[in-house]
Amino acid sequence: MTFRRGSGFHLRLLRENSRLNAALESCRKVNAVMASAPIAPYNSSPLGNSSSQNASRESLKMEPLADVTLLPGEERVIDKDIIYICPYNAAVKGKVFITNYRLYFKNTDSETPVTLNIPLGVISRVEKMGGASSRGENSYGLEITCKDMRNLRFALKQEGHSRRDIFEIIFKYAFPLSHGMQLFAFLSQEKYEENGWNVYEALEEYRRQGLPNNEWRVTFINKNYELCDTYPTILVVPYKATEDDLRKVATFRSRCRIPVMSWFHKENHAVITRCSQPLVGMSGKRNKDDERYLDLIREANGTTKLTIYDARPNVNAVANKATGGGYEGDDAYQNAELVFLDIHNIHVMRESLKKLKDIVYPNVEESHWLSSLESTHWLEHIKLVLSGAIQVADKVSSGSSVMVHCSDGWDRTAQLTSLSMLMLDSYYRTLRGFQVLMEKEWISFGHKFASRIGHGDKNHADQDRSPIFLQFIDCVWQMTKQFPTAFEFNERLLVVILDHLYSCRFGTFLYNCESVRDSNNVRTKTVSLWSYINSDTSLYINPFYTAESSRVLYPVASMRHLELWVTYYIRWNPRIQHQQQSPVEQRYKELLALRDQYLKKLEELQLSDSAPSSTHLTNSSTPNAATPNQHITHLQTPF
Amino acid sequence: MFSGKQTKPTFKSYLPPLQTDLKKSPQLPIKKLEAKLLPGEIVVNEANFVRKCIGADSGQDDLWGKLVCTNFKVSFISHNSLPQQRFQCTHRLLGEHDIPLACVEQVVTVNDVKGKQKILGSNQKLKFNPTELILYCKDFRIIRFRFDEAGPESAKKVCLAIAHYSHPADPQLLFGFEYVGKRYHGSAGERVNGVDPGGGLQTPLFDCSSDWDREIKRTGASEWRVCTINQGYFISPSLPEFFVVPVSLADQDLKQYACCFYSQRIPLWCWNHPSGSALVRMSNISDPQQQRKVEQRISSAITKSHPLRSDVFKSDLDKNLPNIQDIQAALLKLRQICVIESFEESEEKWLSSLESSRWMEYVRTFLRHAVEVVYMLESRHVSVILLEKEDRDLSCVISSLVQLMCDPHCRSLHGFQALIQKEWVMAGHRFLDRCNHLKKSDKEESPLFLLFLDCVWQLWNQYPAAFEFTEVYLTVLGDSMWVPVFSTFLFNCPRQRAEHSRDFASSKSIHLGQDQALRFPPVWDWSQQFSLKDQTLFNNPLYVGKIATCLQNGTVKTFTHRRSKKNYSSTVRGLPSLMRNGSLGPNDTLTRRNSLVLRLRSDLSQVREQPETPSERFVRDFFSRAVDLQGLLLPQLLPSHLSVWKLYFLRWVPEAQIPHGGPVTAFHKLSVLTDEIEMLQNQLRQYKGAAGTANTSHAEHSKMYFKATSTPQQCPAPPEYLSSSFPFSPVGNLCRPGILGTPLSKFLNGAKIWLSTETLANETI
């Protein structure tokens with residue numbers, strides 16, 4: 001494969017069948033590249049050459065797809081001559097191949113390859129463009145809207161309803177759930193050495209934090225999802241709260257999402273708890289059990305006032321009373337302080353991202369870039385989320401326990417708790433810790449991935465869709481920009497995570513909560529994204545990482561520092577250099593290798609020096625000693 | 001939106017806790033508080049018991065001390081010290097709290113009891129006793145002193161002195177003259193102030209013909225020669241004594257043409273592209289009757305000097321670029337939003353305010369224009385004439401940017417300094433007027449050099465491994481404009497330097513001897529300002545230099561960049577027919593590279609409404625290939641890919657400081673690794689040098705500011721003091737004025753831009 005050479009790319013596979021193995025391996029290499037560094041619609045990398053190297057692979061089912069070897073479990077569905085209307089240059093004649101996992105396009109009209117390789121899960125909408133009688137060149141075809149900030153247009157010949165079959169097939173396989181079929185994650189036969197589903201074990205993670213202890217206990221009350229069907233089975237609650245208390249509190253919290261402990265500060269014992277809004281309603285209902293329960297949280301480490309961070313703008317919280325929700329009033333919760341963080345709801349975020357797409361795709365709005373960017377409010381929302389998380393982290397590190405909620409406690413709440421933990425706890429800034437953080441705060445606590453992303457579902461206009469998780473990853477990216485040495489993982493990891501948020505190749509981000517995941521046997525029937533990631537961690541390691549155990553990271557949540565993540569949002573534009581790796585990272589790795597080589601050489605020299613057989617330096621004409629010397633002369637002034 | 005409560009944690013720890021005894025007594029032993037003076041520096045006035053404001057809100061961190069005005073600087077001397085800032089570079093000419101008078105933009109005095117304030121100019125009267133003095137500095141700092149305990153008269157006097165001495169009536173009153181003049185008195189020693197003008201420096205100053213000869217050789221410009229007709233500045237007042245012209249033009253012709261050009265500026269050769277195309281700068285032809293003839297003669301001479309006899313393309317800068325007033329206005333607006341306006345209030349509209357300042361737009365415009373010129377040289381193989389009315393402002397920016405993009409030599413430290421020497425200092429950029437050192441004419445003031453540095457920074461930011469220097473270097477270079485002792489930034493042209501030197505010398509009975517001018521040190525003599533250790537902050541650990549090591553497939557490889565002529569000659573073979581008078585031929589095709597775009601486009605229908613221009617195609621083609629850091633570099637020009645130069649513009653803003661963060665943390669790691677590699681190389685070398693060449697300690701020679709520890713393999717933890725402002729610090733450098741709790745912005749309501757004098761004067765009672 002010519003995508004990438006280098007030893008770091010090998011996937012350690014379970015040795016079952018050596019012949020199959022070889023095929024699988026090359027196949028994964030390709031796909032790893034495809035997924036992690038998605039190929040721009042207009043691509044100049046020499047993709048095409050790879051087929052010659054693998055000419056002998058007759059065994060493969062799809063001969064024309066020779067350079068894109070299928071995933072295990074992936075099957076060819078259809079292929080067709082088509083014209084890809086690239087927004088940057090011109091129409092490109094070629095062939096499109098549809099499998100049950102991807103759409104692959106390769107041009108046939110030129111030696112210079114133009115390819116597209118898109119997991120069908122990325123597609124949010126497929127439309128017919130033009131009619132059989134449309135005039136004009138390339139006016140009859142398909143328009144595909146993707147979830148990852150791009151659109152694709154294909155043109156077909158107008159004769160004989162040529163697009164009907166391809167339209168139907170894309171529609172069916174892009175939205176399998178709407179057609180009574182399975183998501184690809186359940187068909188995939190990929191195997192990896194490590195089982196990524198074991199990355200996060202709730203009890204183990206709580207033990208790492210120092211729990212349970214005499215302030216906090218683990219409860220299995222939700223073992224069968226009876227207390228709350230969107231919470232995980234294992235919960236940590238105040239030691240003094242009885243199971244009965246928990247049940248009573250559940251009646252007063254939206255969707256029974258009671259306050260539970262999520263992070264524990266080892267030194268000052270302050271905690272981050274998370275929950276949903278209280279069911280106060282128009283009449284201003286009170287609930288003694290809830291009030292007492294919050295007091296138990298407060299008392300656990302002797303916090304004088306429990307700070308409740310309501311992620312919503314004040315008005316939204318008030319408006320929620322109309323639908324039975326609300327917020328903790330001063331009268332009822334005298335030992336609590338309520339702070340509104342002014343973060344807007346999922347609809348606002350969706351519209352904001354839509355506006356952002358308008359100014360970056362296909363072309364960057366050049367004439368009034370900065371004010372256009374401002375008018376999308378995307379960075380402003382990022383800023384509010386980050387500054388909310390900073391307040392939470394600051395409060396906790398100063399020794400006060402906090403409680404975070406929004407309306408249901410699965411969108412903004414997850415953003416705030418996970419980001420503040422990222423600031424407080426350096427473990428979450430490691431490659432593994434970050435996986436744990438996402439598994440815990442997002443996946444196990446029921447961020448509604450299925451609803452927010454719309455996996456395999458044709459209803460693109462669904463009002464439940466929203467880029468909440470993307471926004472979280474963007475915030476993480478902003479933090480890595482401000483603290484380039486504080487995170488063990490690099491930008492590439494974040495991009496890969498987002499790519500597979502949509503791809504449906506792994507089970508990690510499927511479904512809305514743990515109970516549904518259980519009933520669909522996700523852990524046994526699908527592969528975890530972390531199996532894939534952890535099979536070659538070298539790709540995702542930030543070479544600048546410096547482990548620091550106790551530092552709280554406070555990013556500056558100011559428009560002066562927040563930047564648009566151009567390497568993600570504007571990555572399809574061919575006018576922008578596509579780099580596999582940041583040049584600075586690349587250079588640092590080169591230097592590291594250089595150092596190691598010098599060290600080795602030095603060791604050899606010292607060894608030969610101290611060895612009794614070695615006579616004198618006059619004997620340095622031995623090849624062993626001469627070689628490094630020659631190098632040194634070349635290396636006189638490298639810097 | 002960004003309430004006080006929210007901001008708190010974001011910058012809470014920028015000050016380590018102070019060991020404050022809150023009520024510091026102003027009664028200090030004043031005997032020892034003496035200003036450190038440089039040779040030629042004299043104290044003009046001073047006031048005791050002055051308070052320097054440190055924090056923005058409370059006065060608890062303020063320092064007590066003496067405020068001194070000399071003929072060089074405003075100095076504040078205090079027994080208290082700021083919280084430990086080990087990293088702060090010690091400036092050899094300036095103390096921790098000193099501000100050179102040339103750096104003072106505006107002197108504002110305030111009486112908060114009477115609610116009065118006034119901007120002080122030279123020789124003005126002050127009808128009230130100031131309680132506060134605010135100095136707005138050209139480098140974006142705002143320094144504030146309070147006189148609560150100082151005698152009202154002495155406070156007034158020192159303010160007036162500062163105002164007066166920051167408006168020198170004559171260039172010779174700029175401190176550099178006294179400073180440099182001193183060395184000619186007393187000891188006959190050649191290096192009185194440790195200055196060694198030019199000598200010992202690796203940077204050519206282009207004040208002699210040999211420097212130009214070397215540049216001609218270096219760029220292979222064999223059809224060009226050094227011309228000496230302006231020796232003694234007899235032909236043109238603003239040209240250097242030596243410059244380069246086509247060999248086909250005789251001195252006699254040049255003398256004849258000179259009178260047709262604005263200020264007799266004969267066109268100047270800047271640089272030769274390896275293909276033989278030349279970059280030339282030229283002023284307008286003032287005599288319209290001669291215009292065509294002279295233009296033709298010049299063009300044909302340039303054509304003759306081209307190996308392919310290619311025609312000449314003229315690039316009219318005045319038509320395509322903003323003028324100097326536009327640029328000045330942009331900087332003032334940028335300063336307004338960066339440091340004057342309240343941080344929180346300007347957050348919401350930050351991006352649109354940034355846009356309306358137009359600074360970023362201008363940066364982009366200049367970069368884009370430079371790219372156009374590069375396209376002509378690189379792809380069309382034609383020579384380019386940069387045409388500007390006076391050829392002393394916009395051309396400086398464009399010609400240096402073009403060379404920076406094309407010529408890797410200009411990205412080395414000495415190459416970059418030589419570039420500035422050549423295209424700015426010798427070409428006669430009016431530094432004296434553009435810096436407005438005499439505060440005589442605001443209309444002439446314009447931050448072209450800073451704009452250039454910002455453009456360089458954008459390139460640096462996109463290709464950090466291609467430059468030998470760091471952004472600290474660029475920032476410090478910008479700041480050096482306001483230290484008025486360097487030959488580099490004091491004069492409008494070489495002739496002016498010579499004249500003022502002569503005048504000053506005769507008035508002070510100084511014998512210049514062999515010298516043409518006083519030996520002002522060039523700014524390139526960095527040891528004037530910084531210790532060797534601090535100068536290592538300029539060295540970029542990422543730099544992939546001419547001879548650099550890289551690792552390929554596990555083996556160390558050395559690669560040397562060669563600018564092979566062969567390469568170029570093979571590519572120019574298929575050149576399109578000559579382009580007459582710079583107009584582009586209709587069947588303009590890219591022949592140099594196998595453009596895949598071209599082939600794609602040839603047989604397919606067009607999607608874009610506007611066809612791509614050849615230069616756009618050239619840029620796109622560039623970005624589709626891997627970048628050779630020792631080759632051509634083009635900046636990414638999409639507005640989304642240009643950023644604000646935060647280190648320069650936001651370094652003083654406490655709210656914008658990222659404690660323990662910022663790019664410097666990665667820089668630290670890189671430096672340590674690079675240092676370790678140097679150390680290993682030395683050790684390996686010792687094996688070679690058998691008999692053991694003098695085992696000089698590594699630390700002395702290290703090029704890195706941050707050193708590896710003695711136990712390598714283990715990266716030392718980043719120092720506590722690192723922040724995004726490193727090596728600068730906001731502490732005490734940005735006191736947005738508030739008068740008894742009233743922000744000055746309210747006070748100055750309606751003053752939209754940087755405290756324009758008119759606006760303020762109107763409000764003055």
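Two residues are in contact when heavy atoms of theirs lie within 4.5 Å of each other. Keep that cut-off in mind on this walk through the structure. The model is a predicted one.

Start in chain A, at Cys406(A). Leave out residues up to four places away in sequence, and Cys406(A) still touches a long list of partners: Cys275(A), Ser276(A), Gln277(A), Asp310(A), Ala311(A), Arg312(A), Asp411(A), Arg412(A) and Thr413(A). Cys406(A) sits in the loop between β14 and α11 of chain A. Is this residue buried or exposed? Its relative accessible area is 3%. Buried means under 20%, so Cys406(A) counts as buried. An unreviewed UniProt entry lists Cys406(A) under "active site".

Cys406(A) also appears in a second UniProt list. Under "binding site", the unreviewed entry gives Asn345(A), Ile346(A), Cys406(A), Ser407(A), Asp408(A), Gly409(A), Trp410(A), Asp411(A) and Arg412(A). These residues are spread over 68 residues of sequence, yet they cluster in space. The largest C-alpha distance among them is 12.4 Å.

Look at two members of that list. Asp408(A) lies in the loop between β14 (402-405) and α11 (412-424) of chain A. Its relative accessibility is 16%, so Asp408(A) counts as buried. Beyond its neighbours up to four places away in sequence, Asp408(A) touches Ser254(A), Arg255(A), Arg257(A) and Ser276(A). With Ser254(A) there is a polar contact between side chains, at 2.9 Å.

Now take Asp411(A). The loop between β14 and α11 of chain A holds this residue too. Asp411(A) has a relative accessible area of 7%, so it is buried. Which residues does Asp411(A) contact, leaving aside neighbours within four places in sequence? They are Ile346(A), Cys406(A), Trp442(A), His447(A), Arg452(A) and Ile468(A). Two of these names, Ile346(A) and Cys406(A), also stand in the "binding site" list.

Step back to a longer stretch. For residues 376-422 of chain A, the unreviewed UniProt entry gives "domain: Tyrosine specific protein phosphatases". Over this stretch the chain is 68% helix and 9% strand. The C-alpha atoms at its ends are 27 Å apart.

Further along chain A, find Gln471(A). This residue belongs to helix α14 (residues 468-482) of chain A. Its relative accessible area is 0%, so Gln471(A) is buried. Its contacts, without neighbours within four places in sequence, are Met349(A), Trp378(A), His381(A), Ile382(A), Val385(A) and Gln415(A).

Turn to chain B. This chain has 27 helices and 18 strands. Of its 765 residues, 61% count as buried. Consider the contacts in chain B with a separation of 6 or more. Residues 24 or more positions apart account for 73% of them.

One helix of chain B deserves a stop. Why can helix α16 (residues 471-480) of chain B be called largely enclosed by the rest of the structure? Because 10 of its 10 residues are buried. Among them are Glu471(B), Tyr473(B), Leu477(B) and Asp479(B). The cover over the buried residues of α16(B) includes α13 (413-426), α15, α17 (487-490) and α23 (646-650) of chain B.

Next comes a loop residue. Ser238(B) is in the loop between β9 (224-227) and β10 (243-246) of chain B. At 2% relative accessibility, Ser238(B) is buried. Set aside residues up to four places away in sequence, and Ser238(B) touches Ser263(B), Arg265(B), Arg392(B), Met426(B), Ala427(B), Gly428(B), Cys493(B) and Pro494(B). A polar contact of 3.4 Å links the side chains of Ser238(B) and Ser263(B).

Finish with the empty space. Rolling a probe the size of a water molecule over the atoms shows where such space is left. How many cavities of 30 Å³ or more does the structure hold? There are 17. The largest cavity has about 160 Å³ of space. Its lining is made of 18 residues. Nearest its centre lie Leu331(B), Ser446(B), Pro447(B), Met481(B) and Trp482(B). Three elements of chain B each give two or more residues to this lining: α8 (324-340), α14 (431-435) and α15 (448-462). By class, the lining has 10 nonpolar, three polar and five charged residues.

Note on methods: Residues are numbered from 1 along each chain as its sequence is written. Chains are lettered from A and ligands numbered from 1 in the order in which they are written. This is a predicted model: local features need pLDDT of at least 70, side-chain atom pairs count only at pLDDT 80 or more; totals for chains, interfaces and linings use all residues. Side-chain values use heavy atoms; hydrogens and water are left out. On a 1 Å grid over the protein atoms alone, a cavity is a set of points where a 1.4 Å probe fits but cannot get out, and a pocket is an open set with protein on both sides within 12 Å along at least five of seven lines; lining residues have an atom within 4 Å of a point. Grid points are joined across faces, edges and corners, and a volume is the space filled by probe spheres set on the points. Helices (H or I, at least four residues) and strands (E, at least two) are DSSP runs, numbered from the N terminus. Ala, Val, Leu, Ile, Met, Phe, Trp, Tyr, Cys and Pro count as nonpolar, Asp, Glu, Lys and Arg as charged, and the others, Gly among them, as polar. UniProt positions are given in the numbering used here, feature names are shortened, and annotations may be inferred rather than shown by experiment. Buried means under 20% relative accessible area, exposed over 50%, partly exposed in between (1.4 Å probe, protein chains only). A polar contact is a pair of N or O atoms within 3.5 Å; within protein, one must be able to donate a hydrogen and the other to accept it, and residues adjacent in sequence count only if both atoms are side-chain atoms.
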